[in-house]
Amino acid sequence: MDLSNVDAFERIKNKFKNNGTIEEVLVPAHKNITESKIEENDSKEVIEKESSNESSNEIKTVNESNVERENEELDLTNVVSLQIEETDDPVFKYRIKIRDKVIEFRKWKVKDRKDFSAAQGSLEKRKALVYNCLKDPNTALDNEEYNFILEKIRAVSIKDEIGYNLQCSNCGKKFSLYVNINDVTDCAFSDYHPIEVENIKIELQDVKNRDFYESAMKVVKDINEKYITDFALHIKSINDNNSLSFQDVVNFILDLDIDIYEKIFKEWDLIRFKCVNLQSVICPHCNKETIYNFNDFPGFFPKSWN
Ligand SMILES: [Zn+2]
């Protein structure tokens, strides 16, 4: 398995063979931690589609609400392009590896739509969209890993490029852009290593129990609480104690001094798996290069599923 540590940022930049400056960068900061796509779908935030007389493809007008712009320095040192590999399995034909976790998956089938439609609540929908498509349906994924695999399943299931209407922030002119979902689905993470701050040592691991993880994440609504819950469920031991309950771990985190907490979470933010949906775009009118965060995919689901 080739982890293919391609520097995705260089790849993004080289894609357009242009040396323009990058001023607008969109960072998936931890505050944006995954309201998963399926939860968005639950809340009826169905992606709007605009008709276009130029093409039969569906086009999304990108605006401030779905392409956030932050003038922050983006640390892309941990960004990698994980390549989809082909397996010998006749059903689960695709494989991707996140750290030591090998995930083999298949395309969506007609029956997935049936299960998706019949699903009661977001957990069942999540199952229909991703877990039913995994060779090992007991695989536990955290929210970001889930979204990543969902995007990869979509990429192999539907080859259509997704159309966007963009407006250049430099010259103000509009233009259309078609992107392949696989090209804008990168990720950032580093290998698990202990976080050591002052006299605290925290060892990390993958999420172990899918049902427990999903139930715990579903209960908490506040974005910061979700972040803490997600972190707690990646903790293997604190100061070599690996027999702490989930609640013990949460209580430990809540009881940290704020300066220690900030240091620990700065480390965790570099380690944890994050989807990165960045693509460099050159304005065809003025050649200004902008990096957009394509985290919103119009026509994400097959047309027949609507
Ligand atoms: Zn322009």
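At what angle do the axes of helix H3 and helix H4 cross? Before the answer, a word on the model, which is predicted: local features need pLDDT of at least 70, side-chain atom pairs count only at pLDDT 80 or more, and totals for chains, interfaces and linings use all residues. Residues are numbered from 1 along each chain as its sequence is written.

Let us start with the helices. The axes of H3 (residues 110-118) and H4 (residues 121-129) cross at roughly 175° and come within 8 Å. That makes H3 roughly antiparallel to H4. Helices (H or I, at least four residues) and strands (E, at least two) are DSSP runs, numbered from the N terminus. Axes are lines fitted to C-alpha atoms, for helices over the stretch in contact, with angles from 0 to 180 degrees between N-to-C directions; an angle over 145 degrees counts as roughly antiparallel.

Now to the sheets. One open sheet has three strands in the order S9-S10-S11, with antiparallel pairing; two strands pair if DSSP finds at least two bridges between them. S9 (195-197) and S11 (235-238) stand at the edges with a single partner strand each, so one side of each has no neighbour in the sheet. From one strand to the next, the twist averages 15°. S10 (residues 200-204) is joined to S11 by three bridges, and leucine 204 stands opposite isoleucine 235 in S11.

Another open sheet of three strands follows the order S2-S8-S12, again with antiparallel pairing. Its edge strands are S2 (79-80) and S12 (274-276). Three bridges join S8 (residues 186-188) to S12, where lysine 274 stands opposite alanine 188.

Conventions: Parallel < 35°, antiparallel > 145°, perpendicular 65-115°, else oblique.
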